[in-house]
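Q: Please take a close look at a single part of this model, the aromatic pairs and their surroundings. Please also set that part against the chain as a whole.

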Amino acid sequence: MCLEEEETNSEAAAAAQRREREERLRAREKEWGRRAVREKDKVRGRVALSQNPREKSQNRDKPLSLPRPRLHRSLSPISFSTTMPASLLPPTFLPHHRQRHRLRLPVPSCSPSSSVSTSTASPASRYDFEPLLAYLSEPSTVASLTSPSPPPFVPAPEHRLAASYSAVPSHEWHALLRGLAASDASLPLAFALLPFLQRHRLCFPLDLLLSSLIHSLSVSGRLLPHSLLLSFPPSLSDPPSPLLLNSLLAASAAASRPAIALRLLALIRENNFLPDLASYSHLIASLLNTRDPPDAAILERLLGDLRESRLEPDAPLFSDLISAFARAALPDAALELLASAQAIGLTPRSNAVTAIISALGVAGRVAEAEALFLEFFLAGEIKPRTRAYNALLKGYVKIGSLKNAEHVLDEMLDCGVAPDEATYSLLVDAYTRAGRWESARILLKEMDADGVKPSSYVFSRILAGFRGRGEWQKSFAVLREMQAIGVQPDRHFYNVMIDTFGKYNCLGHAMDAFNRMREEGIEPDVVTWNTLIDAHCKGARHDRAMELFKEMRESNCPPSTTTYNIMINLLGEQEQWAEVETMMSEMKEQGLVPNIITYTTLVDVYGRSGRFKEAIDCIEAMKADGLKPSHTMYHALVNAYAQRGLADHALNVVKAMRTNGLEASTVVLNSLINAFGEDRRVVEAFSVLQFMKENDFRPDVITYTTLMKALIRVEQFEKVPVIYEEMITSGCAPDRKARAMLRSALRYMKHTRVA
C-alpha cells in the first residue's frame with residue numbers, strides 16, 4: 001500500500017513539473033512574440049521614412065508575418081521578414097533552440113590582417129560567431145588570453161562581446177570547438193577560445209571542453225598530448241581533473257605513445273583519482289599496437305595497479321591482457337588470467353586464446369597448446385579459424401614434429417577451414433629446417449594447385465631455414481627460384497636476407513641487398529635499419545653504424561626502442577658516456593619507453609668499464625620507474641665485478657638479488673665462481689659449487705671449466721684432473737675449452753716433475 005501511494009505521489013509530482021515547464025515555455029513564447037512585434041514596428045517606421053506616400057499605403061496593407069507559437073518541446077526558431085536588417089539581431093536575441101545543430105564554420109585565417117568570411121556559414125548555425133572569431137584572431141588578444149598571469153583589467157569591447165554571447169548554450173560551444181579543431185588553419189582559434197570561455201564564464205565545465213578538443217585532435221591524428229598540456233595556461237590544467245587526464249591517456253594510447261600514457265596513469269594515481277577500465281583498455285591497446293612485444297615489467301605493473309584499484313576487468317579487457325602477456329612471452333601469466341576470466345563466467349575472444357596457443361608453441365610447450373586448442377576450438381566453445389590452426393602448427397614446427405604438422409593441415413581440410421599463406425609458410429619452414437628442400441618445392445606446387453599463390457613471405461621462411469642451418473650461400477638460389485615463378489621480393493624478404501648476411505659477417509652482401517631493395521622502390525622500415533646497424537656493430541664497423549643511424553633519422557623512419565638499445569651498446573663499448581646520456585634523453589623525448597633490455601645494456605656497458613656507481617644508479621632508476629630487475633641484469637653486474645676480481649662486490653649483488661625475490665641462476669653462480677677465481681680465493685669458489693649441489697642447481701660445463709681455471713691460477717694443477725673426472729661423472733660433456741684446461745694442467749704438472 002505504501003508503495004502504491006509513493007508511486008502515485010511521484011506521478012503527480014512529474015505531472016506538476018511538466019505543467020510548470022509548459023507554462024514557462026508558453027510565457028517565454030509570448031514574450032518573444034511581443035519583442036518581435038516591437039522590432040517589426042521599428043523597422044516599418046524606419047522604412048516608412050524613406051518611402052513615398054504610395055509605398056507607405058502598400059506597406060500598411062501588408063500583414064505581419066509572425067509565426068504561430070507552438071507548445072511542442074522541440075521549438076523552432078522565429079522567422080523574421082527579410083526586410084529586417086541582420087545588424088538588428090544580436091546573437092543573444094534568437095531564442096534557445098533545443099534541437100542540436102551541426103555547425104559548418106568558416107575556416108578563418110589567423111593572420112592579423114585576415115577577416116572571417118561569412119559566405120560559407122551554414123544556415124543551420126543559429127549564432128553568429130564571426131565577430132568572436134575575428135577578435136580571437138588578433139595577436140594581442142591571443143597574447144592576453146594565453147598569458148600565465150591574468151591582465152589587470154579586461155577591455156570594454158571584450159566585455160561587450162562576451163555579454164552578447166551570454167545566452168549561447170554549452171552544446172553550441174562544443175560544436176564550435178570541434179569545428180575549429182577540424183582544420184590546422186583554425187586550430188589556434190580553438191586554443192584561444194578556451195581561455196576566453198573561462199575568463200568570462202560562458203561555458204562549464206571547462207574540462208569537458210578540453211576533453212572534447214583532445215578527442216577531436218586524437219581522432220584526426222594531430223594530437224601530441226605532452227605539448228598540448230604545455231600549450232595551455234596553468235589555470236586550465238591545474239589541478240587536473242580525472243576527465244582531462246583520462247582523455248589525455250586515451251589520446252596518448254591512440255597515438256601509440258605508451259610512455260606518455262604511463263606517465264598520465266601515474267599522475268592519475270598521484271592525485272588520488274581512480275582510473276577507469278577504459279584507461280587500462282586504451283593503455284593495453286597501445287602496447288599491443290607496437291611492433292615490439294610489450295615489456296613484461298610494464299604489464300606486471302599495470303596488472304598490479306589494476307588489482308590495487310579493485311576494478312574487475314570485463315571480457316574485452318581480459319582478452320587484451322591475455323594477448324599482451326602472451327605476446328610478451330609469458331604464457332603462464334596469460335593462462336592465469338584465462339583461468340580468472342573463466343572463474344567469473346567470462347569467455348575471452350578467440351584472438352586471445354590463439355595468442356596463448358602461439359606463445360606456448362614458441363616456448364616448446366606443445367602438449368599444453370594442443371590441450372588448450374581442444375578445449376576451446378574443437379569442443380565448440382569458439383569456432384576454429386585459420387589463425388588458431390596456424391598457432392598450433394607453429395608449435396609443431398618449433399619442436400620439429402613434421403608428422404603432427406602435416407596432420408594439422410589434413411585436419412584443417414577435413415574441418416572445412418581453408419589454409420592460407422601462413423599455413424603453407426610454416427610447413428615450408430619445417431621442411432627447410434629438416435633439410436628437405438625438395439619436399440618444400442613440392443609443397444609450393446601443391447600450394448599453387450590449391451589456389452594459394454606463393455608470396456615473398458613463403459620464400460623468406462625458406463631463407464630463414466637456411467640461415468638457421470648456416471647455409472647462407474643458398475640465399476642466391478632462393479632468390480633465383482622465386483624470380484623464376486614470377487614472385488617479386490618484398491621488404492620482409494630483404495630484411496631476412498640482410499639479417500642472414502649480417503649474421504655471418506658478410507656486410508658487403510648485406511649492403512648490396514639494402515641498395516637493391518631501395519632501387520626497386522621498397523622503402524626500408526625500422527626492422528631493416530635495426531638489422532643493418534646491428535650487423536655493422538657486431539662486425540666492429542662502428543663508424544659505418546653511426547652513419548647508418550644518422551641516415552635512418554634523416555629518413556621517414558623514426559628509430560624504435562630497439563634502435564636506441566643498439567646505439568647505447570655501441571657508444572658504451574667506445575666509452576662515449578656523454579653521447580650515451582644524450583641518446584637516453586633523445587629516446588625519452590621521442591615518447592619511447594626504456595625497457596628491460598635498455599637498462600640491462602646500460603648496466604652491462606657501465607660495469608665492463610668499471611663505472612659501478614652508474615650501473616647501480618641504473619638499477620635504482622629502473623626500480624623507480626616500476627620495473628623489476630631481471631636475472632640478466634644482475635648477471636651483467638656480477639660478471640662485471642668478476643672481470644675485475646671484486647669478489648665481495650659480486651657476492652653482495654647476489655645477496656641483493658635474492659633479497660629482491662629473484663633466485664640465483666646457474667649463470668649467475670658461475671660468474672660468482674669466476675669472481676672468486678680471479679681474486680685467487682679457491683675455497684670460496686668451491687663453496688659456491690657446494691651451494692649449487694645442496695640447492696638443486698645443476699653445475700654445467702662452464703661451472704667446472706671456471707673451477708679448473710681458478711685452480712690453474714693458484715697453481716694447484718693436481719686437482720684439475722679430479723674436477724675433470726667429476727664433470728664427466730655428473731653427465732656434462734666437456735667442450736674444447738675444458739679439454740684445453742686439462743691439457744694445460746697436465747703440461748704444467750709434467751714440467752714440475754721434470755724440474
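A: The account below begins with the chain, turns to the aromatic pairs and their surroundings, and then follows other parts of the chain.

The model is predicted, and its mean pLDDT is 76, with 79% of the residues at 70 or more. Confidence is not even along the chain: over residues 43-124 the pLDDT stays under 50, and under 50 is also where it stays over residues 225-237. Beyond four places in sequence, the model has 110 contacts for residues 43-124 and 28 contacts for residues 225-237. The secondary structure consists of 39 helices and zero strands. Of the 755 residues in the chain, 45% are buried. Among contacts between residues at least 6 apart in sequence, 64% join residues at least 24 apart.

Aromatic pairs are the part requested. A pair of aromatic rings is described by the distance of the centres and the angle of the planes. The count for this model comes to 13 aromatic pairs. One of them joins Phe129 and Tyr165, whose rings are stacked, with 5.8 Å from centre to centre and 10° between the planes. Phe129 belongs to the loop between helix 2 (53-61) and helix 3 (130-136), and Tyr165 to the loop between helix 5 (156-164) and helix 6 (170-181), so this pair ties together parts that are 36 residues apart in sequence. Both partners are covered: Phe129 counts as buried because its relative accessibility is 3%, below the 20% limit, and Tyr165 counts as buried at 1% relative accessibility.

A second pair has another geometry. The ring centres of Trp472 and Phe501 are 6.2 Å apart and the planes stand at 80°, so this pair is edge-to-face. Trp472 is placed in the loop between helix 23 (456-468) and helix 24 (475-484), while Phe501 is part of helix 25 (residues 491-503), so the pair ties together parts that are 29 residues apart in sequence. Phe501 is buried, with a relative accessible area of 1%.

The stacked pair also belongs to a cluster, in which ring pairs link Phe129, Tyr165 and Trp173. Trp173 is one of the buried residues of helix 6. The end C-alpha atoms of helix 6 are 17 Å apart, which agrees with the 16 Å that its twelve residues should span at 1.5 Å a residue. Helix 6 is mostly covered, since nine of its twelve residues are buried. Besides Trp173, the buried residues of helix 6 include His171, Glu172, His174, Ala175, Leu176, Leu177, Leu180 and Ala181.

Several of these residues meet Leu193, which is found in helix 7 (residues 187-199). Leu193 counts as buried at 0% relative accessibility. Setting aside residues up to four places away in sequence, Leu193 touches Leu132, Leu136, Trp173, Leu176, Leu177 and Leu180. Trp173 therefore takes part both in the ring cluster and in the contacts of Leu193. The C-alpha atoms of Leu193 and Val142 are separated by 9.2 Å, although these two residues are 51 residues apart along the chain.

Elsewhere in the chain, helix 19 (residues 386-399) offers a further example of a covered helix. Its 14 residues reach 20 Å from the first C-alpha to the last, close to the 20 Å expected at 1.5 Å a residue. Ten of the 14 residues of helix 19 are buried, among them Thr386, Tyr389, Asn390, Leu392, Leu393, Tyr396 and Val397. The residue that follows helix 19 is Gly400, with a positive phi near 75°.

Val397 leads on to Asp429, which has its place in helix 21 (residues 421-433). Asp429 counts as buried at 3% relative accessibility. Not counting residues up to four places away in sequence, Asp429 touches Val397, Arg461 and Gly465. With Arg461 the contact is polar and runs from side chain to side chain, at 3.1 Å.

Covalent links between cysteines remain to be considered. A disulfide is a covalent bond between the sulfur atoms of two cysteines. A search of the whole structure finds zero disulfides. Cys506 is buried, with a relative accessible area of 12%, and Cys618 counts as buried at 10% relative accessibility.

Conventions: Residues numbered from 1 in each chain as written. Heavy atoms only, no water. Disulfide = S-S within 2.5 Å. Buried < 20%, exposed > 50% of the residue type's maximum accessible area, 1.4 Å probe, protein only. pLDDT = per-residue confidence, 0-100. Contact = heavy atoms within 4.5 Å. Helix = DSSP H or I, 4+ residues; strand = E, 2+ residues; numbered from the N terminus. Expected span 1.5 Å × (residues − 1). Phe/Tyr/Trp six-rings, centres within 6.5 Å; stacked < 30°, edge-to-face > 60°. Polar contact = N/O pair within 3.5 Å; in protein donor to acceptor, adjacent residues only side chain to side chain.
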